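Please open the structure in the viewer and keep the selection panel at hand. The stops below proceed from one selection to the next.

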Amino acid sequence: MSGIGKGVTVSSVGRILKSKGFKVTAVKIDPYVNVDAGTMNPLEHGEIFVTDDGTECDQDIGNYERFLDQDLETANYITTGRVYQSVIQKERNLEYKGKCVEVVPHIPEEVIRRINNVQRKTKADFILVEIGGTVGEYQNLLFLEAARILKLKHPKDVVFILVSYLPIPKMIGEMKTKPTQYAARTLNSAGIQPDIIIARSELPLDNLRKEKISIFCNVLKEDVISAPDIKSIYEIPVNFEKDNLGNRILKKFGLKSKKNDLKDWKKLVKVIQNPKGEVKIGIVGKYFKTGDFTLMDSYISVIEAIKHASYSFRVSPQIVWLDAQDYEVSSRSLASNLKELNKFGGIIVPGGFGSRGVEGKIKAIQYCRKNKIPFLGLCLGMQLAVIEFARNVCGLKKANSTEFYKNCQVPIIDLMPEQKKNLGQKKYGGTMRLGAYPCKLNPQSLSFRAYKTSLVSERHRHRYELNNEFRDILEKKGMIMAGINPQRDLVEIIEIPSHPFFVGTQFHPEFKSRPLKPHPLFKKFVRACLKKQLSD
Ligand code: GLN
């Protein structure tokens, strides 16, 4: 079932196997027909994660990277769209040598070829393959078919793990195993017998339930792993190890652990469980309201990056969602809404697309700049900080981005030339400036002091950029260009040195933050937030 934590389960299994001395990688299979996640609305699908090689993919790839502390690439991401696209291309190229190309076996074969390809490229001992969706639904049937064939061909090299949910209905107050029994049966009917069942529930599994699942689902009792709700996802590997999951998996492959190295991870978990204080951070965004619920998935990497940086100071973050449209109201409520920003150690304006909420974000940024509230702008957040500065410090009242106002007179943020072509031809998917690009840091900048090096590489996902024609006037008024892409002379980081922390990045630093290696800019930001909180 989606949303029960399959992604973090796979990530945690990966971390465990890595800690036992094995080389691990992970593959995400998304059953949708989209070629990648690039054209999806974050409110529907959650965050679009970006790899170094520029793939716009599912947020689970981000989880894998964070838990494995490894960069993944486009090959680690498979969708129905990608699979069909390459099968059709091969047919056009006569690669099936005149055969009739059929859904079975050719589609599962292409899935298996892609999985093998990852092994060839990475030489990993283990490839963890996560099949998205729910067993029994039509969409992922062909992927289950691929899994079945893979096991048939390599019986000793494939182990199946079912992640299942055990509800505790409020009116009965009892944990129910039936849905898991049905899930296992449904898998059986696809020709797959799970070897291990990870039982997600609100509470840990008792002995009775473990026995029941064992008997009805045909797995050993020791292979029923309890996965109760926990406060932090980073506790999961440690929790799984309480049920000996790592060694159970190794045993099925006839392997033995080479070492046991979850030490640093356990230390991190201790900090998470016993923080020394709190840092309060506000995020001004727009992708978090779905009906009556708040959906934080759209900004997951930003949230995780804040956590990593906070844990490095042994504090836990309190993140508050601030709706950008709250700053687009009548002047009386605007003043009081803006005043609320003072309550925070700092404010982040994350990435985004389209004009909704933009003027509200600009108002919030202006308030942070004037009131010396630490501010971090990510991609769109950086572009809006430049617009705000141009309008209110440089006197360019009509400054805007051509994304929101096509014919604006002062296009301080403008479409990159190659993007004009893409949009003109309606080429939206996979055509932004994507993935890793180098950035040279100004030695006088806060960013340089944060990174402690002069050349860095960061991940991008945007079509617009700071218009170089306006650099001089911004610099004259006190904004510095702290990071530049050396090949194309594009502005990557802006700062206001007279402010305690005012940094905007054209790239997305959040994609590269790891639990044990927080991102330097997030670290400096959280530090500034803590400093402000102390002096408040
Ligand atoms: N919409 C902006 C652009 O395309 C910013 C994108 C983002 O925040 N990722 O340039």
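Select Asn244: at 37% relative accessibility it counts as partly exposed, a class lying between buried (under 20% relative accessible area) and exposed (over 50%), with a 1.4 Å probe and protein chains only. Asn244 sits in the loop between H9 and H10; helices (H or I, at least four residues) and strands (E, at least two) are DSSP runs numbered from the N terminus. The phi of Asn244 is positive, about 65°, although the residue is not a glycine. Most residues other than glycine have a negative phi, and most peptide bonds are trans.

The model is predicted: local features need pLDDT of at least 70, side-chain atom pairs count only at pLDDT 80 or more, and totals for chains, interfaces and linings use all residues. Residues are numbered from 1 along each chain as its sequence is written, and side-chain values use heavy atoms, with hydrogens and water left out.

Continue to helix H10 (residues 245-252), whose buried residues are Leu245, Gly246, Arg248, Ile249 and Leu250. Display what covers them: the cover includes helix H1 (6-19), strand E5 (126-131), E6, strand E7 (196-201), strand E8 (224-228) and helix H9 (236-242). Just after H10, Gly254 adopts a positive phi of about 70°.

From that cover, select strand E6 (residues 161-166) and within it Ser164. Because its relative accessibility is 5%, Ser164 counts as buried. Its contacts (heavy atoms within 4.5 Å) are Ile4, Thr180, Ala183, Ile198, Ala199 and Arg200, leaving aside residues up to four places away in sequence. With Thr180, the side chain of Ser164 forms a polar contact of 2.7 Å. A polar contact is a pair of N or O atoms within 3.5 Å; within protein, one must be able to donate a hydrogen and the other to accept it, and residues adjacent in sequence count only if both atoms are side-chain atoms.

Next, select helix H5 (residues 103-122), which contains His106. Is His106 buried or exposed? Its relative accessibility is 7%, so His106 counts as buried. The His106 side chain reaches the backbone nitrogen of Glu102 at 2.8 Å. His106 also touches Val87, Tyr96, Cys100 and Val101, residues up to four places away in sequence not being counted. Pro105 lies in H5 as well, and a cis peptide bond with omega of about 15° joins Val104 to Pro105.

Move to helix H3 (residues 59-68): 10 of its 10 residues are buried, so the helix is largely enclosed by the rest of the structure. Charged side chains are among these buried residues, including Asp60, Glu65 and Arg66. At the start of H3, a side-chain oxygen of Asp58 comes to within 2.9 Å of the backbone nitrogen of Asp60. Asp69 follows H3 and has a positive phi, near 55°.

For an exposed counterpart, select Lys426, which has a relative accessible area of 64%. Lys426 lies in the loop between helix H16 (417-424) and strand E17 (433-441). Although not a glycine, Lys426 has a positive phi of about 55°.

Finally, show the whole protein chain, with its 19 helices and 22 strands. Along its principal axes, the C-alpha trace spans about 75 × 60 × 45 Å. Buried residues make up 56% of the 536 residues.
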